[in-house]
Amino acid sequence: MEKSYLCNYKTMQAMKNRQKRAIIIGATSGIGLEMVKVLTAQGWQVGIAGRRQERLQQIQSKNLDVVATECIDITKEDAPKHLLTLIGKTGGMNLYFHSAGVGYQNPALDMEKEMTTVATNVTGFTQMVDTAFHYFMAHPDREAHLAVISSIAGTRGLGAAPAYSSTKRYINHYMECLTQLCHIRGIHHIHLHDIRPGFVRTAFIADGHHYPLQLDPHRVALSIAKGIQADRSIITIDWRYRLLVFFWRLVPRWLWVRLKVASK
Ligand SMILES: NC(=O)c1ccc[n+]([C@@H]2O[C@H](COP(=O)([O-])OP(=O)(O)OC[C@H]3O[C@@H](n4cnc5c(N)ncnc54)[C@H](OP(=O)(O)O)[C@@H]3O)[C@@H](O)[C@H]2O)c1
């Protein structure tokens with residue numbers, strides 16, 4: 001009896017979500033791709049983007065609830081225009097999910113790696129998030145969620161990956177600014193989420209370095225969906241990383257800069 005109530009509840013939730021539409025940028029692999037699976041399983045209609053056209057088509061051919069695709073390079077000037085096209089093709093947007101990002105261990109301070117990271121995680125990020133924010137502002141009649149993946153790497157400066165750590169700090173800060181801006185302007189329908197994972201087992205960290213405490217990407221996506229549903233503004237995944245961040249924030253700067261900490 002209890003089981004059938006639960007099934008009915010789940011079916012009702014899925015039906016309710018079916019009218020909801022999510023846009024996922026950086027959906028061709030890793031956490032973004034897992035979010036596609038989690039959201040469509042929960043009944044969302046999803047529009048996806050990334051630079052790899054063939055991957056987008058492959059994903060859509062396997063999943064009927066992926067209703068639209070768009071090839072977008074977020075570092076390009078025309079990326080906002082393509083985002084609006086994707087929103088149109090998807091039939092609207094209730095959730096903007098930004099997973100696109102790059103990062104390198106770069107102790108040699110290779111300029112090309114640093115500048116690519118800035119172009120993607122700062123310039124690309126800002127133009128996409130601002131476009132999504134403006135879209136939600138133009139549609140005050142619906143509840144909206146704007147969720148972005150930063151990293152725990154933004155919570156302290158990490159010398160092994162200067163641009164990565166700094167650009168993730170930028171994202172942490174930007175989301176705080178937008179949250180305050182919503183209060184200043186009396187905007188109540190836009191819910192903002194800054195998602196901060198620790199190491200996640202994706203192509204992103206398959207660079208030959210050793211990364212401890214790796215998280216399963218599907219479980220990470222489930223935690224993210226749960227956090228968004230619970231309307232949490234900062235979502236640090238998982239509890240071990242919450243503990244780690246708590247303790248490393250207590251380390252004074254003079255000591256912190258002398259520590260050998262790896263990052264991603
Ligand atoms: N894995 C980790 O340990 C970890 C930890 C903390 C935070 N994160 C963050 O999580 C996010 C997702 O990473 P992931 O682990 O899922 O890695 P991933 O598998 O490498 O996914 C990165 C995604 O970003 C897209 N992307 C990169 N540059 C882009 C651009 N210029 N325009 C559009 N899309 C672009 C890629 O798609 P295309 O190549 O098709 O464009 C891909 O879909 C990143 O922001 C990363 O910083 C990851």
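How many aromatic pairs does a search of the whole structure find? The search finds 9, and one of them is shown in the third view below. The model is predicted, with local features requiring pLDDT of at least 70 and side-chain atom pairs pLDDT 80 or more, while totals for chains, interfaces and linings use all residues. Numbering starts from 1 along each chain as its sequence is written, and side-chain values use heavy atoms, without hydrogens and water.

**View 1. The shell around the ligand.** The ligand is surrounded by 30 residues (a heavy atom within 4 Å), and Thr-28, Ile-31, Arg-51, Val-200 and Thr-202 are the closest. The shell comprises 13 nonpolar, 13 polar and 4 charged residues (Ala, Val, Leu, Ile, Met, Phe, Trp, Tyr, Cys and Pro count as nonpolar, Asp, Glu, Lys and Arg as charged, and the others, Gly among them, as polar).

**View 2. Polar contacts and burial of the ligand.** Polar contacts are pairs of N or O atoms within 3.5 Å. A ligand oxygen atom lies 2.8 Å from an N or O atom in the side chain of Ser-29. Polar backbone atoms also approach ligand oxygen, at 3.4 Å for Gly-30 and 3.5 Å for Gly-101. Of the 880 Å² that the ligand exposes when taken alone, the protein buries 96% (Shrake-Rupley method, 1.4 Å probe). Helices α2 (30-41) and α6 (162-184) each give two or more residues to the shell (helices are DSSP runs of H or I with at least four residues, strands runs of E with at least two).

**View 3. An aromatic pair between two helices.** Phe-125 and Tyr-174 pair edge-to-face, with 5.8 Å between centres and 85 degrees between planes (ring centres within 6.5 Å; planes under 30 degrees apart are stacked, over 60 edge-to-face and the rest tilted). The pair links distant parts of the chain, with Phe-125 in α5 (residues 111-137) and Tyr-174 in α6, 49 residues apart.

**View 4. Backbone geometry in two loops.** The peptide bond from Ile-237 to Asp-238 is cis, with omega near -5 degrees; Asp-238 belongs to the loop between β7 (234-237) and α8 (239-250). Leu-213, in the loop between β6 (190-197) and α7 (217-229), has a positive phi near 50 degrees.

How values were computed:
Polar contact = N/O pair within 3.5 Å; in protein donor to acceptor, adjacent residues only side chain to side chain. Phe/Tyr/Trp six-rings, centres within 6.5 Å; stacked < 30°, edge-to-face > 60°.
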